[in-house]
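Visitor: I'd like to learn how to read a few features of a protein model. Could you walk me through some of them?

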Amino acid sequence: MTRFVRKLISLGIICAAAGLFVYMMLINKAWPHGNDIYGHFFKIQALYEQIGKRNFYPIYNENWYSGLELFRYWPPASYYFYALIAFFTGGDIIKAFPVFAFLVNLIGGCGFLLFASKDEDKRWLCTLLGVMYIYLPDNLKVFFSEGNIPRIFITMLLPYLFFFICDFIENKDNKAIIGVNIIAAMIVSAHIMIAAMVGLTAFLLVLIYALVNKKYLNSIVLLINMVLSYVAMGIILVPGLLGGLTTQTSQSSMDTSGAMWSRRAIESLNPLLVPGNPTDFYFGLSVFILLLAGVLVWHKKTLPYFGSALLIFIGTTMIVLPIISALPMSQAFWMTRFIPMAYNLVLIGIMYWREIKKPILILLVGLIVIDSLFAFAIHTQKDCVWYPTQEKICEDYLLDEAMELTDSRIAFMDLSNIGSYSSYVITKNGNNVDSLFGWAYQGAYTINEIVELNEAFETGYYDYVFDRLVRYGCDTLVIKKNEVKTDYEGLLKKAEENGYVQKGETEKALLYDFKSDGKYGTIFNYENVCIGVGSEYMSYLYPSFYKLRSNKLDDYSFDELKKYKRIYITGPEYKDKEYCENMLMSLSDAGVKIYIDMNRLPIDKSTGRNSLLGVVAQPIVFNNEFPILAMDNGSEFKLSLKDKSAFKEWRTVYFTNLKDVTKSARYSSSKYLPYLGTSPNKNITFIGLNLVYFQGCSINQPSQLYDFLDEVFDVDRHEVPGRELVPMKVITEKNNITIETDRDNVLTGLANLDSFTSVKDLGEETFVTVDRGITNIHTTYAYFKEGLICSLAGFVLLLAMMIYTCTVYPMDGFVHTPRMIRDKEDRVKEAGPGQYSQRHEDIARQTSSFIDKEYMDMIEDYGTTDEEETEEKDITVKTDTQQYSDFFVKVKKEDDFDIEVDDDADFDY
């Protein structure tokens, strides 16, 4: 059987396996049921529709998150790939998915056939691994239980990337660096954070390879090329990194990310847990056994691959979570997302494991096959959710009725527990209704407002919820009933008080319509504001306090803040402390009441203490319960930490140097802790013990503490700011928005994106504010100039590095100088005909680091042109850097052919 026929058979097997995958998916109606899938369908359909309008790179979409940049945080490569497929299905995004699934299986599986081109003996093993690849447990989870199109697309590309990496460092093929750079750039153009994880995996692999094999230069050259390929994609990277998940600091989002990136090892290796919840992370017991065996054998050929995969697995366990959480941008590193890279490393390790006995290889690979088929059966079980369930969402939650009622914007208060289908169906499939929410909040400019709204809804602060819904322009509201954790009757009452009229109800949902006439803007009059990290909790408790966007006190002037009656400050940031203190003093002298929560105050570098205006915050820790607190009427109460399972201990502060101590808590029989007082005048109040945060994140809402805070702030907790609705026209066209209104200082409810440009002032807050008349806004590509400069510089450097790598850089570390070339020519002449050849020189040079001097001399000595006295013997020379399968040495019949090879030389013949 010729090599060409074997190639065709291999390709046919992988093609058949891909077809079987799609057939089983269709016959069992096993469409991806993950939360992500319809979020990606939304972006693909938006792209497809815009391409049909000759807008080949749509920047802006008004439907989600009060307006968002469609591809700024979600690079578009995978979406263009999918949209191209949809072109052949008549634009039907859903029908295109089976074709997408087939191509992903086929293209991804064929990546392993490239390894067979370097070692024909491994062709059938490579074919089997190519068939198995998409069936590996976590790959199936990404495909079915997440439906993450960019991740599926990258999973398809990974075998090619690692082939070129291996071809470069193992086979010393300089030109393989071209493939490395092209695939790396494609991965960046599909998912920025996954690209970072791929880069880290490559770094880990070549680091271990260099340490084990004592080869450092090739690894360094490879990494430099990959880094430059990323830099060359700066046009995508720069805008994407300046915002989104990289700027998310919400504690709740950090906790969520931590839960997603790690799991107990005993759970991630237990196949019996998969049937109960296929959405949970399962690494694969069989894969773990294989990589553990590969590590224990400790062969320098395979150790870099198995060792890297093992370290990635360890990174997914709970034991390293504290370490990862402490890393910069840790919220972006969900360790379970490294698993497809680990799978590739394990499969490559199998192919390079030459010493493994065939029965053991069959056993280990067989275990992976069984494990994978078991996972596939779970993910594709008959009628495993999907369309019947998804479409029933519209009926259960009155979405069709809600879309008909909406003139301005719809809000679906489900805490994102329904998944992405609701956001997709509201805005697509012939609908064009704008939504406050969407899916994948990391790309929302309004992310802070959305997180705060959901948190206030969950904890039951309904005055804040309905006031902000009006502010954000939501004239239609759907509430998922079982997400109402407390005071259901209070929810109904507050909705009515804020102008929301109930229009429908089912067993699962409430439908409300706001009393407005068409699309509207609002004019609000906030008398109180709060500033700093964590100040949103003050807004939950007292909706009349509006949180200003910047946490930096330096960003505000005396004139900006003097118009407010009360200012609450917690977790502030500042560079010029003296300026801030003088401004606060001036505001208090002007009659503004200032409340400073000292719990998150920056440390004074000169003293090493938390201090402001001479008042020092002293740290203290409470366990289980607070000290006794007192009301103005003399009654006392004590707060318990038992209902706050997230806090094992309460770290907070009390004060020294207060001019006037208002309240002290008895800490022991002889010690009192000042936690409330004024200084240096009566208009500046210092608050300790972190009481606002304690109350703000409490679902049970202990009334005594709430009453206590009412006394401190002298504000009605149910008071909402004055507001006025203003009719407004908004027209969105290709990268242009036109807003028309007849009043000044109108809050539009449109996200104030940094890609907006206008001759008129759009305000400084999260949402666009316009004055009377017509305001034209043009949407530009964010940070285009900076990204273009980065790309051009990266491309020039990358091109230079590629030329150097492919033409000049000596992969074997042997530099041919002109003098050495002349010496070689002289040796050839002196040796005479038949005694020396260019081929002999190349083989000796390329294997000089691994074959001893005696063998090199033998190659030269046995050369001859005496055809009658020789015979051909086919010798296959295999090293850990190259395999030469077509090297013939003519050997005299009467001579023995014994070669002694050093034990450390990893050399087979």
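Visitor: Let's start with burial. Which residues of α12 are buried?

Guide: Happy to help, and keep in mind that this is a predicted model. A residue counts as buried when its relative accessible area is under 20%. In α12, the residues that meet this are G234, I236, L237, V238, P239 and G240. That makes six of the eight residues in the helix, which spans residues 234-241, so α12 is largely enclosed by the rest of the structure.

Visitor: What do the buried residues of α12 pack against?

Guide: Their partners are four helices: α9 (176-188), α10 (192-213), α11 (217-231) and α31 (784-808).

Visitor: Now the surface. Which residues make the nonpolar patch?

Guide: For a patch, we look for nonpolar side chains that are accessible and lie within 5 Å of one another. Here M1, F4, V5, L8, I9, I13 and W124 form one of about 690 Å². Helix α1 (residues 3-27) supplies the largest share, five residues.

Visitor: Is F4 buried or exposed?

Guide: The cut-off for exposed is over 50% relative accessible area. F4, which sits in helix α1, has a relative accessibility of 56%, so F4 counts as exposed.

Visitor: And charge? Which residues gather in the patch of negative charge?

Guide: The same kind of reading works with like charges, joined within 9 Å. On this surface, D555, E560, D761, E764 and D771 come together as a negative patch. Take D771 as one of them: it belongs to the loop connecting β26 (767-770) and β27 (773-779). With a relative accessible area of 42%, D771 is partly exposed.

Visitor: Let's turn to the backbone. Which peptide bond is cis?

Guide: Omega is the angle to read here. The bond from S679 to P680 is cis, its omega being near -5°. You will find P680 in the loop between β19 (672-678) and β20 (684-687).

Visitor: What about phi? Where does S66 lie, and what is its phi?

Guide: Check the sign of phi together with the residue type. S66 is not a glycine, yet its phi is positive, near 60°. S66 is part of the loop between β1 (60-61) and β2 (68-69), and S66 is buried, with 0% relative accessible area.

Visitor: What is the phi of A440?

Guide: A440 has a positive phi of about 70°, although A440 is not a glycine. The loop between α22 (421-427) and α23 (447-459) is where A440 is placed.

Key
Residues are numbered from 1 along each chain as its sequence is written. This is a predicted model: local features need pLDDT of at least 70, side-chain atom pairs count only at pLDDT 80 or more; totals for chains, interfaces and linings use all residues. Side-chain values use heavy atoms; hydrogens and water are left out. Buried means under 20% relative accessible area, exposed over 50%, partly exposed in between (1.4 Å probe, protein chains only). Helices (H or I, at least four residues) and strands (E, at least two) are DSSP runs, numbered from the N terminus. Contact means heavy atoms within 4.5 Å. Patches are made of residues with over 30% relative accessible area and no salt bridge: like charges are joined within 9 Å, nonpolar side chains (Val, Leu, Ile, Met, Phe, Trp, Tyr) within 5 Å. Accessible areas come from the Shrake-Rupley method with a 1.4 Å probe; for residues, only the protein chains shown count as cover. A salt bridge is a side-chain nitrogen of Lys or Arg within 4 Å of a carboxyl oxygen of Asp or Glu. Lys and Arg count as positive and Asp and Glu as negative; His and the chain ends are not counted. The place of a charge is taken as NZ of Lys, CZ of Arg, CG of Asp or CD of Glu.
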